[in-house]
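The report below is meant to be read with the sequence and the model side by side. Please keep both in view while going through it.

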2 protein chains.
Amino acid sequence: MKMERPKTRIQQKNTRTILDAALDVFSQHGFRGTTLDQIAQAAGLSKPNLLYYFPSKEAIHDALLMELMDTWVDPLRHIGEDGHPVEEIVAYVLRKLEMSRDYPRESRLFANEIVQGAPRILDQIEGPLRDLVNEKAEVIRGWIAAGELAEVDPHHLIFSIWSTTQHYADFDVQVRGILRPEGDAHFNDAAQFLEALYRRTLTPR
Amino acid sequence: MKMERPKTRIQQKNTRTILDAALDVFSQHGFRGTTLDQIAQAAGLSKPNLLYYFPSKEAIHDALLMELMDTWVDPLRHIGEDGHPVEEIVAYVLRKLEMSRDYPRESRLFANEIVQGAPRILDQIEGPLRDLVNEKAEVIRGWIAAGELAEVDPHHLIFSIWSTTQHYADFDVQVRGILRPEGDAHFNDAAQFLEALYRRTLTPR
DNA sequence: AAAGAGTTTGACCAAACGGTCAGGAACACG
DNA sequence: CGTGTTCCTGACCGTTTGGTCAAACTCTTT
């Protein structure tokens, strides 16, 4: 009988193990900086065994990126569904900051890819992401026109939110090197700062 | 006769050519993603010739990083030398944004290094950079105490400035993919947005 | 328990890589 | 012009890397 996804238990488990190990390594060393042996060791599997589950190193990387693009941009979709404009955006900022704290590997994988010219996801950026951002920019423009939000450029507002929040994941070593925080304590200060930053900027006078 | 730096004209020229070409390649592909052949081709020299001027690939990379660390953090040093606090910080923001526009390669080289754990410059970060940031944080705290600046966490203020400005260099492809700007036109909008962002946040009420 | 599908691995390969080296070419200088 | 120094290159080397493959092992199913 032909199933759509004939995955066995072992396949499910090992595919997950590999992707998780690969996320570790790719996010730390970038695509070219990562070797199959590193992934294999991190996953506790042999190199040929990796290639039994994925046809190539690039396939592993691509699988991670695709999985990522789905979930990473997701919070942006929920902007403007209810509530007060300023609260909506502040909530988005805090949600993004939480993601930097809880999923730094994903953030760094993304950062590595973009910094190096996004060779593998440029289509996604110029297509679906661009459309989504433009759509949300319109929502924000509507709020501004209604006097519910201070006048700001919506696109650059979104960029600034992305950069300030993802900074805590992507530049983690720098932040920690300067603050020497205990654990993730500094994320609370960051949340407080960013909330004030955007509240003051966005609240209409 | 023994000179301190016996550099000939040819040495001067070729060293510069190599470093410039290497900056191109390293900033786009990261350290491990870059090959000596790529640098050689970009520089218009042969691979062994590179290694006549630099003992290794890592030496080229290190030379770039050292040169960079000197100049990259420099604008921060000039904060608090004169003028009104809010203006000082706004000027710093705009200066950093200009640097992202005019020296995106340097910014990306730095970003690549940090994202991947800053293996080669961690000492610089935890030492001199940390000290400088703490020093400027004290200056900002002084301004706040004097009522010349709104109450904000100085460290996170600095982080936010770094991230928002460098974003336009490091995530250039993403920004361009979404905005589809002509040339560097969007930098003016970014400057306007960031100036408003920090002016509203920092001006005491 | 036997068969067949699914899983794992050691041994291997070709290409790419960072780096070496002997010797030749270009240059500076008396 | 000659000679010593600086500059440059083709050929080469050992290692690393992504990937292959036949053979062996294991798990499920009947």
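What follows covers the confidence of the model, the relation between the two copies, the surfaces near the DNA strands, a helix and two unusual backbone angles.

## Basis and confidence

This is a predicted model, in which local features need pLDDT of at least 70 and side-chain atom pairs count only at pLDDT 80 or more, whereas totals for chains, interfaces and linings use all residues. Residues are numbered from 1 along each chain as its sequence is written, chains are lettered from A and ligands numbered from 1 in the order in which they are written, and side-chain values use heavy atoms, with hydrogens and water left out.

The predictor's confidence in each residue is given as pLDDT, on a scale from 0 to 100. For chain A the mean pLDDT is 94, and 97% of its residues reach 70 or more. Residues 1-5 of chain A, by contrast, have a pLDDT below 50, and beyond near neighbours in sequence this stretch has zero contacts in the model, a contact being heavy atoms within 4.5 Å.

## Two copies

A turn of 180° with a shift of 0.0 Å along the axis lays chain B on chain A with an RMSD of 0.1 Å, the superposition being by least squares on the C-alpha atoms of residues with pLDDT of at least 70 in both copies. The two copies are therefore related as by a two-fold rotation axis. In chain B, the C-alpha of B:S163 is the one nearest the axis, at 2.7 Å from it. Both copies use the same surface, since 98% of the contact residues of chain B recur in chain A.

## Surfaces near the DNA strands

A residue is near a strand if one of its heavy atoms lies within 4 Å of it. Around DNA strand D there are 19 residues, of which A:L36, A:K57, B:T8, B:Q11 and B:Y53 come nearest. Of the atoms of DNA strand D that come within 4 Å of the protein, 64% belong to sugar and phosphate. DNA strand C is likewise surrounded by 19 residues, with A:T8, A:Q11, A:Y53, B:L36 and B:K57 the closest, and here sugar and phosphate make up 61% of the atoms of the strand that come within 4 Å of the protein.

The table gives polar contacts to the two strands; a polar contact is a pair of N or O atoms within 3.5 Å, and within protein one must be able to donate a hydrogen and the other to accept it, while residues adjacent in sequence count only if both atoms are side-chain atoms.

| Protein atom | DNA atom | Distance |
|---|---|---|
| A:T34, backbone N or O | strand D, phosphate oxygen | 3.0 Å |
| B:N14, polar side-chain atom | strand D, phosphate oxygen | 2.9 Å |
| B:S46, polar side-chain atom | strand D, phosphate oxygen | 3.1 Å |
| A:N49, polar side-chain atom | strand C, sugar or linking oxygen | 3.2 Å |
| A:Y52, side-chain N or O | strand C, phosphate oxygen | 3.3 Å |
| B:K47, side-chain N or O | strand C, base nitrogen | 3.1 Å |

Helices here are DSSP runs (H or I, at least four residues), numbered from the N terminus. For DNA strand C, α1 (9-33) and α3 of chain A together with α3 of chain B each supply at least two residues of the nearby surface. The residues of this surface divide into seven nonpolar, eight polar and four charged, and those of the surface near DNA strand D also divide into seven nonpolar, eight polar and four charged; Ala, Val, Leu, Ile, Met, Phe, Trp, Tyr, Cys and Pro count as nonpolar, Asp, Glu, Lys and Arg as charged, and the others, Gly among them, as polar.

## Helix α10 and two positive phi angles

Buried means under 20% relative accessible area, exposed over 50%, and partly exposed in between (1.4 Å probe, protein chains only). In chain A, the buried residues of helix α10 (residues 172-179) are A:D172, A:Q174, A:V175, A:G177 and A:I178. They pack against α7 (104-115), α9 (154-170) and α11 (186-202) of chain A together with α7 (104-115), α8 (122-145) and α9 (154-170) of chain B.

In chain B, B:I178 is found in helix α10 (residues 172-179) and is buried, with a relative accessible area of 1%. Apart from neighbours within four places in sequence, B:I178 is in contact with A:I125, A:L129, A:R130, A:V133, A:H155, A:F159 and A:W162.

Most residues other than glycine have a negative phi. A:R180, although not a glycine, has a positive phi of about 45°; A:R180 lies in the loop between α10 and α11 of chain A and is partly exposed, with a relative accessible area of 46%. B:A118 has a positive phi near 50° and sits in the loop between α7 and α8 of chain B, where B:A118 is buried, with a relative accessible area of 0%.
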